[in-house]
Amino acid sequence: MEKFEKREAHPMRKYIGRLVNFYGKKLEVVGYSRNGLTGEPLLIVEALPFGGWSALEPSDVIFKDCESYWYASINDLID
């Protein structure tokens, strides 16, 4: 019988499904990433109303497939 290590959830995972205020629109958090230059954590939101982008970076972690995405700050969380 193999033993598997129990891993803790990534600290950014707790934001999945929450909402952000993005230029007056409420958008759902569908993933997270990190700014490669500053190391700042970033939220990824479904951005279909704005067009956004569809190409993901290797550091992007997505929990819901969407047509388009946009980065948002943790400071933009509204709930």
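These legends describe views of a predicted model of one protein chain.

**View 1. The whole chain is built from strands.** The chain has five strands and zero helices. Read from the N terminus, its elements run β-β-β-β-β. The C-alpha trace spans about 50 × 25 × 25 Å along its principal axes. Of the 79 residues, 28% count as buried. The exposed surface comes to about 5900 Å², and carbon and sulfur atoms supply 51% of it. The side chains include 10 positive and 12 negative ones. The centres of these two sets lie 7 Å apart. Among contacts with a separation of 6 or more, 45% join residues 24 or more positions apart.

**View 2. Strands β1 and β2 form a hairpin.** Two residues lie between the two strands. The pairing of β1 and β2 is antiparallel and runs over four bridges. Phenylalanine 22 stands opposite lysine 25 in β2. Asparagine 21 faces lysine 26 of β2 in the same pairing of strands. The side chains along β1 alternate. Val20 and Phe22 point to one face and are buried. Leu19 and Asn21 point to the other face and are not buried.

**View 3. Tyrosine 23 sits in the turn of the first hairpin.** Tyrosine 23 is found in the loop between β1 and β2. Its phi is near 50°, a positive value in a residue other than glycine. Most residues other than glycine have a negative phi. Is tyrosine 23 buried or exposed? Tyrosine 23 counts as exposed because its relative accessible area is 73%, over the 50% cut-off.

**View 4. Strand β2 also pairs with β3 and β4.** β2 covers residues 25-34, and β3 covers residues 41-46. These two strands pair in the antiparallel sense over five bridges. They form a hairpin with six residues between them. Glycine 39, in the turn, has a positive phi of about 80°. Arginine 34 has proline 41 in β3 as its bridge partner. β2 and β4 pair in the antiparallel sense too, over two bridges. Which residues stand opposite glycine 31 in β3 and in β4? In β3 the residue is isoleucine 44, and in β4 it is isoleucine 62.

**View 5. Strand β3 pairs with β5.** Strand β5 covers residues 69-72. Its pairing with β3 is antiparallel, over four bridges. Leucine 43 stands opposite alanine 72 in β5. Leaving out residues up to four places away in sequence, leucine 43 touches residues that include Trp70, Tyr71, Ala72, Ser73, Ile74 and Leu77. Its contacts also include Met12, Tyr15, Val20, Val29, Gly31 and Tyr32.

**View 6. The largest nonpolar core holds 11 residues.** How many residues make up this core, and which are they? The 11 residues are Met12, Tyr15, Val20, Phe22, Leu27, Val29, Tyr32, Leu43, Val45, Ala72 and Leu77. β1, β2 and β3 each supply at least two of them. The largest share, three residues, comes from β2. In soluble globular proteins, nonpolar side chains tend to be buried together.

**View 7. Leucine 27 is a buried residue of β2.** Leucine 27 has its place in strand β2. Leucine 27 counts as buried because its relative accessible area is 5%, under the 20% cut-off. Leucine 27 belongs to the largest nonpolar core. Neighbours within four places in sequence aside, leucine 27 is in contact with Arg18, Leu19, Val20, Phe22, Val45, Glu46, Pro49 and Phe50. Val20, Phe22 and Val45 are also among the residues of the core. Glutamate 57 is 30 residues from leucine 27 along the chain. The C-alpha atoms of leucine 27 and glutamate 57 are separated by 20 Å.

**View 8. Alanine 55 lies in a loop.** The loop runs between β3 and β4, and β4 covers residues 61-62. Is alanine 55 buried or exposed? Alanine 55 counts as exposed because its relative accessible area is 56%, over the 50% cut-off. Alanine 55 and glutamate 67 are 12 residues apart in sequence. In space they are 9.6 Å apart, C-alpha to C-alpha.

Conventions:
Residues numbered from 1 in each chain as written. Predicted model: local features only at pLDDT ≥ 70, side-chain atom pairs only at ≥ 80, totals over all residues. Heavy atoms only, no water. Pairing = 2+ DSSP bridges. Core = buried A, V, L, I, M, F, W, Y, C linked by side-chain atoms within 4.5 Å. Buried < 20%, exposed > 50% of the residue type's maximum accessible area, 1.4 Å probe, protein only. Contact = heavy atoms within 4.5 Å. Areas by Shrake-Rupley, 256 points an atom, 1.4 Å probe, with all protein chains shown as cover. Lys, Arg positive; Asp, Glu negative; His and termini not counted. Charge placed at Lys NZ, Arg CZ, Asp CG, Glu CD.
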